[in-house]
Structure formats: structure tokens, C-alpha cells
Amino acid sequence: MGESYKVAVIGAGIAGLLTARELQREGHHVTVFEKASKVGGIWLYDPRVETDPLGLDPNREIVHSSLYKSLRANLPRQAMSFLDYPFLKKEGGDDQRTFPGHEEVLRFIEGFARDFGLMELIQFGHQVIRVELVDEVTHEWVVESRTRETESTWESKEELFKAVVICTGNQTEPNIAEFPGRDTWPGLQMHSHNYRTPEGLENKIVVLIGNGPSAHEILKEISPLAKQVHQAIRGPSVENYDSPWQHPMTDYFRKIECARNDGKVVFQDGAIVEADVIVHCTGYKYHYPFLKSNGIVTVDNNRIGPVYKHVFPPSLAPWLSFVGLNTWSVIFRVMELQARWVAKVLSGMVELPSQEAMASSVEELYSEMEKKGLPKNHTHSLKNDEFEYVSWLAAQLNIKPLKRWKEVTVVSFIEWAVQHGENFRDTWDIDKWMQEIDSSD
Ligand SMILES: Cc1cc2nc3c(=O)[nH]c(=O)nc-3n(C[C@H](O)[C@H](O)[C@H](O)COP(=O)(O)OP(=O)(O)OC[C@H]3O[C@@H](n4cnc5c(N)ncnc54)[C@H](O)[C@@H]3O)c2cc1C
């Protein structure tokens, strides 16, 4: 066991719980701040929607979870297991499905928190409103949090920590499509963050912008009851697709041509539709209103920078870190390795390169992205290099790369299946697939 520090973890979703467990295993003194009254983060389904359904009003009361009521995991439970804590089907359990509903994922997370004694580390109902380096020499951080006293009053407190790990998630703050006429269009607009059920969309003409998993799942759910569902999609239209109303985007950033004051929506393929509702299924933005880093850590077009290997800002490492910045694929396992890396770097069991080397690694990533023509907002997506990244993390930790990382390869299949509207969750022979992975080298 190496050095042991007082560490604050912000957030008790998967990333925060995994981080708390790893820090505790390394002998650190951990406090987890969680603004909700329970663990689970995104997986804590909340039937409420925000007062501003597009999420543009900075003063709205934020609802953290983006789940809709009928959501089932889009990965098999085997791919959502932790390294030493499998996500098993419970005998006699309520949900035995390989692709479980969100309630079952929450039960898994709660069980994990209980079994590793993490509940005692969490200060529930504590929203962090400021994280700031107060002493550059001793690297001391102040964490200011507030708890609700009455409906309209809050009580705040400050506490000092040697290190802070930010695990606040990245799928709550809506990213909204920009197009001419958006702010004056007379119909109802919402972001998929605020979609819970198809109620209210009966006999309506609905426009969905985007073609990620949320867009396709919402499309499937509302198609039987809406009058028409039009979808602005990236790239050429997909064959054999449920919806006869697909409109390819030619300008990815603008998504639709315009929305007119007479209620008509003009697509980039020239189609014009008199719509009632526009749902922006256009992803999320990184958002850290509490982080005061003197401009060291910035968010620019959904790139958090600079962060070495998506975890440590070089000039503040290892005293400030992020777990769970990445998107795409087998993300639970990525977070688990990141959490372990942070805990071991803090205890001195794993070394980081020099500040300069970390900074130039970040620059290298940026210039590679530029060469490939990738926009900044792809910085933390592991779409094309998850296997490499996971192997790199495993090597830092002296963990043998696991066969199961091959699960990653199926994710592209899942994306395909989601897009084709297939009932892949119930028809895919996952056991055969697992056997194939196990018998390969
Ligand atoms: C619709 C949808 C479906 C998804 N489906 C899947 C799936 O099937 N499989 C999969 O692997 N992944 C899926 N994901 C990805 C999902 O985001 C991750 O699985 C994972 O839950 C993210 O965990 P996290 O801990 O990083 O963030 P979160 O789960 O968002 O947790 C962050 C926590 O931080 C707390 N917090 C935030 N700000 C503060 C603050 N200032 N002070 C105190 N506490 C704070 C929040 O209350 C929350 O509890 C899905 C995501 C979405 C949006």
C-alpha cells in the first residue's frame, strides 16, 4: 500500500461508485458527494421532465436522468459487468433478460454499492457548487456543496481535499440542433433528454433529428401511434428501415434546412412537412459549472482540454481527474480501469509521465484528429480506438488484456441492429457469441 490521501469523488453513478471502490481499496479516505438521494445516476429513472423541454434555460431545475420509461440496455448484461462483479441473472429475479430493463441495471448498481460498503462513503443530497484549487503548493482543493434546507433555501459548506475526481456524467445537458427559425417555430420542441413516454404524440406529425440509438428507439416507440414520423438522418438513407420518411442531411452541422413561422419544417432533401413536434435526438454536452480551474481545463465544442488519456489534466495531475468522460461502447469497463488507474496513481503505485510528456500526448491526439478530419466533439469518443485504449489502460495496471474486450467488436453490430429497427435484444444468440469469444485466443 502506498500514499493515502483525502479524496473527494463527485457523483455516485457508475463512475463515482467504481472510483470510490478503487480509492478505498488503495487505502485512500473517500467522500462521495451526490446531489440525488440515491445511487445510480442516469439509471435512476425519473418520470419528471424539465420545465424547458429543450434545456436552453440555464435557470431551469435540472432532471439528471435521460432515461425513457421503456428503456432496455442496448448492451448484453455480460458487457455491462465489472471485472470482478458480474451482472448475473438472479434466480427468481424480476428481470432475467440478457438485455435488461433499466430497473434491473439499477438493482445491479445498488447491489454493487452495498456489497462493497460504498453507501457509508456517500453524502446524499449534496450538490457540489464549487471545486477550486486553493493552494498550488500543497495542492489543496476546496469542495463547496449545498443541501436543500427548505423549498427555497440552501445551506452550503466547504471542505478541503487533497484530490478530487469528477464523475458527474455527461448525458444530462442537452446539445440542441441549430437551424434557421428554430427559436420562432410555433410547434413543440424537446430534446430526447425530456422524452419519457409516447403520451401526447398520438396523431401528431413528429420530426426526429438525429440517428443515434435514442432517435431509433423513440422512432420505434412512437411510430405506431403518431400520424407521421419524419427523421433527419446523417448520411444516405437506410434500407429496410421502419420509417418511410427519412431525410438525409447534407449539412451535418445544420441538420435541417429551416423551420418556418407557418409551422412547416424544410429538410435538406427538399421535403417540406407541416409538423407538430420536433424532437432533438442530438446528444449531450460536457458541463462542469462547479469547476473553477483558472482556465486550465476548458470545454471547447465538446472537447475537454487538456486531459491526458481522457483522465488527467497534465498541469493539475494527479490531484484533479475525470472518470467517465468517454462515450461509446463497453463504457462500464472503461470507467472501471480509469478508476483503478486514478487510485493507483494517487497512491504512487503507478507513475504518470512528466507534465510535458502528458501535454504533448494530448497535442498528438489533437493533431491526429485534425489529420483524419475529425471534429473536436469526437475527442472523447472511443468509436475507433476503444480496444487500443482499453489495452493501454490495462497495461498501466499490469492487467492481462481480457478476451472479453472483444465484446467491443459487437458494438458496431448493435449500432447496426438499432438503426435497422430489428428486435436484436430478443433474437440475438448471446450465449453462442460468448462461447465463441471464450474459445478464441
Ligand atoms: C438514454 C441512455 C441510455 C443508455 N444506455 C446504456 C446501456 O444500455 N449500456 C451502457 O453501458 N450505457 C448506457 N448509457 C450510458 C450511461 O451514461 C453510462 O452507462 C453510465 O451510466 C454513466 O455513468 P456516470 O457515472 O459516468 O454518469 P451518471 O450516471 O450520469 O452519474 C453521475 C452522477 O453525478 C451526480 N452529479 C452530477 N452533478 C453533480 C454535482 N454538481 N454534485 C453532486 N452530484 C452530482 C448525478 O446526480 C449522478 O448521480 C446510456 C445513456 C443514456 C443517456
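In the predicted model, the chain contains nine helices and 21 strands. Buried residues account for 37% of its 441 residues. Among contacts between residues at least 6 apart in sequence, 62% join residues at least 24 apart.

The largest nonpolar core comprises 98 residues, of which V164 and L208 touch the most other members. Helix α4, spanning residues 331-346, is the greatest contributor to this core, with 10 residues. At least three residues of the core come from each of domain 1 (6-172 + 285-404) and domain 2 (176-282). In soluble globular proteins, nonpolar side chains tend to be buried together. When residues up to four places away in sequence are left aside, L208 touches A215, I218, L219, V229, Q231, V279 and C281. Three of these names, A215, I218 and L219, recur among the buried residues of helix α3. This helix covers residues 213-222 and is mostly covered, with seven of its 10 residues buried. The buried residues in α3 are S214, A215, H216, E217, I218, L219 and I222.

The model also includes a ligand, around which 32 residues are found; G11, G13, G41, G169 and G324 come nearest. By class, this shell has 17 nonpolar, 13 polar and two charged residues. Four elements, α1 (14-25), β2 (29-34), β4 (127-135) and α4, each supply at least two residues of the shell. The largest share, three residues, comes from α1. Helix α4 thus appears in two settings, as a supplier of the ligand shell and as the element that gives the most to the largest nonpolar core.

Strand β4, another supplier of the shell, has pairing partners in both senses. With strand β5 (residues 140-148), β4 runs antiparallel, and seven bridges join the two. With strand β18 (residues 291-292), β4 runs parallel, and two bridges join them. Residue V131 takes part in both pairings: its bridge partner in β5 is V143, and its bridge partner in β18 is L291. The hairpin of β4 and β5 has four residues between the strands, and within this hairpin H139 takes a positive phi near 55°.

Antiparallel pairing is also found in an open sheet of three strands, with the order β13-β14-β15. The edge strands of this sheet are β13 (258-259) and β15 (272-274), each of which pairs on one side only. Strand β14, residues 264-266, is joined to β15 over three antiparallel bridges. One of the residues involved is K264, whose bridge partner in β15 is E274. In a regular strand, the side chains alternate between the two faces of the sheet.

Several residues stand out by their backbone geometry. Most residues other than glycine have a negative phi, and most peptide bonds are trans. N294, although not a glycine, has a positive phi of about 55°; N294 lies in the loop between β18 and β19 (298-300). N302, also a residue other than glycine, has a positive phi near 65° and is found in the loop between β19 and β20. The surroundings of these two asparagines differ under the burial criterion, in which 20 or more C-beta neighbours mark a buried residue and 12 or fewer an exposed one. N294 counts as exposed because it has 9 C-beta neighbours inside 10 Å. N302, by contrast, is buried because 20 other C-beta atoms lie within 10 Å.

Two cis peptide bonds are present in the model. One joins G305 and P306, with omega about -10°, and the other joins A317 and P318, with omega about 0°. P306 is found in the loop between β20 (303-305) and β21 (320-322), and P318 is placed in the loop between β20 and β21 as well.

A charged residue, E104, provides a further example of burial. E104 is found in helix α2, which spans residues 102-115. Because E104 has 22 C-beta neighbours inside 10 Å, it counts as buried. The C-alpha atoms of E104 and G93 are 9.0 Å apart in space, while the two residues are 11 residues apart in sequence.

Methods
Residues are numbered from 1 along each chain as its sequence is written. This is a predicted model: local features need pLDDT of at least 70, side-chain atom pairs count only at pLDDT 80 or more; totals for chains, interfaces and linings use all residues. A nonpolar core is a set of buried Ala, Val, Leu, Ile, Met, Phe, Trp, Tyr and Cys residues joined through C-beta atoms within 7 Å. Domain bounds come from an automatic or database domain assignment. Two residues are in contact if their C-beta atoms, placed from the backbone, lie within 7 Å. A residue is near a molecule or strand if its C-beta atom, placed from the backbone, lies within 6 Å of it. Two strands pair if DSSP finds at least two bridges between them.
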